[in-house]
Amino acid sequence: MGVSPPGAGGGLLSQPAAEAGQHAAAASGTVGVLLLVMAVVMFVVSLCYWFAPALVVLNGVSAWQAIRGSLSAGLANWRPLLVAALALGLLLIPALLPLGLGLLLWIPVAFVTAYTSWRDVFGQPAAPAPVEAPAQL
């Protein structure tokens, strides 16, 4: 029941502990790379549906065409959309703090952001054809 002298393998940083620390550092680098890859994948997937609902409702295109159009428009305008997504994400945090009541303000802001970005990218929706008045006798 004696105490091992320093350097005899019984210290705080014994050889197995040091190797475990190196493995943990290597694993954290791998996890960081995986998190970055997943963030990029999630951003690209979100580009697929950012404009899609507005394209279906306001432009009358099919769902698949809307997803493809949303992806191509999103890739062409990825920088402004990334800024908008980061701003909305940062605003989501304080919106969740008061028991989620801030979502009553955040959700309309998110919808208005999506609509105004659609309008900036795709322009005004096509105006419906004017209805002609019936001929009077």
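**Exercise 1. The fold**

What pattern does the chain follow, read along the sequence? Work from the predicted model.

Solution.
- Start with the count of elements: the chain has five helices and zero strands.
- Then take them in order along the sequence, which gives α-α-α-α-α.
- For burial, 18% of the 137 residues of the chain count as buried.
- For contact range, take contacts between residues at least 6 apart in sequence; of these, 48% join residues at least 24 apart.

**Exercise 2. Length and faces of helix H3**

Determine how the span of helix H3 (residues 63-76) compares with expectation, and on which side its buried residues lie.

Solution.
- H3 has 14 residues, and at 1.5 Å a residue these should span 20 Å.
- The end C-alpha atoms of H3 are 20 Å apart, so the span agrees with the expected value.
- Next, list the buried residues of H3: Ala 66, Gly 69, Ser 70, Ala 73 and Gly 74.
- Around the axis they cover an arc of only 130 degrees, and therefore they sit on the same side of H3.
- The other side of H3 carries the exposed residues Trp 64, Arg 68 and Ala 76.

**Exercise 3. Two residues of H3**

Ser 70 and Ile 67 both need a burial class; assign each to buried or partly exposed, then list the contacts of each beyond four places in sequence.

Solution.
- Ser 70 lies in helix H3. Its relative accessibility is 0%, so Ser 70 counts as buried.
- Not counting residues up to four places away in sequence, Ser 70 touches Leu 47, Cys 48, Tyr 49, Trp 50, Phe 51, Ala 52 and Leu 55.
- One of these partners, Trp 50, is 20 residues from Ser 70 in sequence, and the two are 6.5 Å apart in space, C-alpha to C-alpha.
- Ile 67 is also found in helix H3. With a relative accessible area of 32%, Ile 67 is partly exposed, because buried requires a value under 20% and exposed a value over 50%.
- Leaving aside neighbours within four places in sequence, Ile 67 is in contact with Cys 48 and Ala 52.
- Ile 67 and Ala 52 are 15 residues apart along the chain, with their C-alpha atoms separated by 5.3 Å.

**Exercise 4. The buried side of H2**

Which residues of H2 are buried, and what follows H2?

Solution.
- The buried residues of H2 are Ala 52, Ala 54 and Leu 55.
- The arc they cover around the axis is only 165 degrees, which puts them on the same side of H2.
- After H2 comes Gly 60, with a positive phi near 70 degrees.

**Exercise 5. The faces of H4**

Compare the span of H4 with the expected one, and separate its buried residues from those exposed on the other side.

Solution.
- H4 has 19 residues. From first C-alpha to last, H4 reaches 26 Å, close to the 27 Å expected at 1.5 Å a residue.
- Its buried residues are Leu 81, Ala 84, Leu 88 and Ala 95.
- Seen down the axis of H4, these buried residues fall within an arc of 60 degrees, so they line one face of the helix.
- On the other side of H4, the exposed residues are Arg 79, Val 83, Leu 86, Leu 90 and Ile 93.

**Exercise 6. Two residues of H5**

Assign Ser 117 and Ile 107 to buried or partly exposed.

Solution.
- Ser 117 is found in helix H5. The relative accessible area of Ser 117 is 15%, so this residue is buried.
- Beyond its neighbours within four places in sequence, Ser 117 is in contact with Trp 50, Phe 51 and Leu 81.
- Ile 107 lies in helix H5. Its relative accessibility is 38%, and Ile 107 therefore counts as partly exposed.
- Ile 107 and Leu 92 are 15 residues apart along the chain, and their C-alpha atoms are separated by 9.1 Å.

**Exercise 7. The largest pocket**

What volume does the largest pocket have, and which elements give two or more residues to its lining?

Solution.
- The volume of the largest pocket is about 560 Å³.
- It is lined by 22 residues, of which Tyr 49, Trp 50, Leu 88, Ala 110 and Ala 114 are the closest to its centre.
- Two or more lining residues come from each of helix H1 (15-50), helix H2 (52-59), helix H4 (78-96) and helix H5 (103-122).
- By type, the lining residues divide into 20 nonpolar, two polar and no charged.

Notes:
Residues are numbered from 1 along each chain as its sequence is written. This is a predicted model: local features need pLDDT of at least 70, side-chain atom pairs count only at pLDDT 80 or more; totals for chains, interfaces and linings use all residues. Side-chain values use heavy atoms; hydrogens and water are left out. On a 1 Å grid over the protein atoms alone, a cavity is a set of points where a 1.4 Å probe fits but cannot get out, and a pocket is an open set with protein on both sides within 12 Å along at least five of seven lines; lining residues have an atom within 4 Å of a point. Grid points are joined across faces, edges and corners, and a volume is the space filled by probe spheres set on the points. Helices (H or I, at least four residues) and strands (E, at least two) are DSSP runs, numbered from the N terminus. Ala, Val, Leu, Ile, Met, Phe, Trp, Tyr, Cys and Pro count as nonpolar, Asp, Glu, Lys and Arg as charged, and the others, Gly among them, as polar. The expected span of a helix is 1.5 Å times one less than its number of residues. Buried means under 20% relative accessible area, exposed over 50%, partly exposed in between (1.4 Å probe, protein chains only). The arc is that of the directions from the helix axis to the C-beta atoms. Contact means heavy atoms within 4.5 Å.
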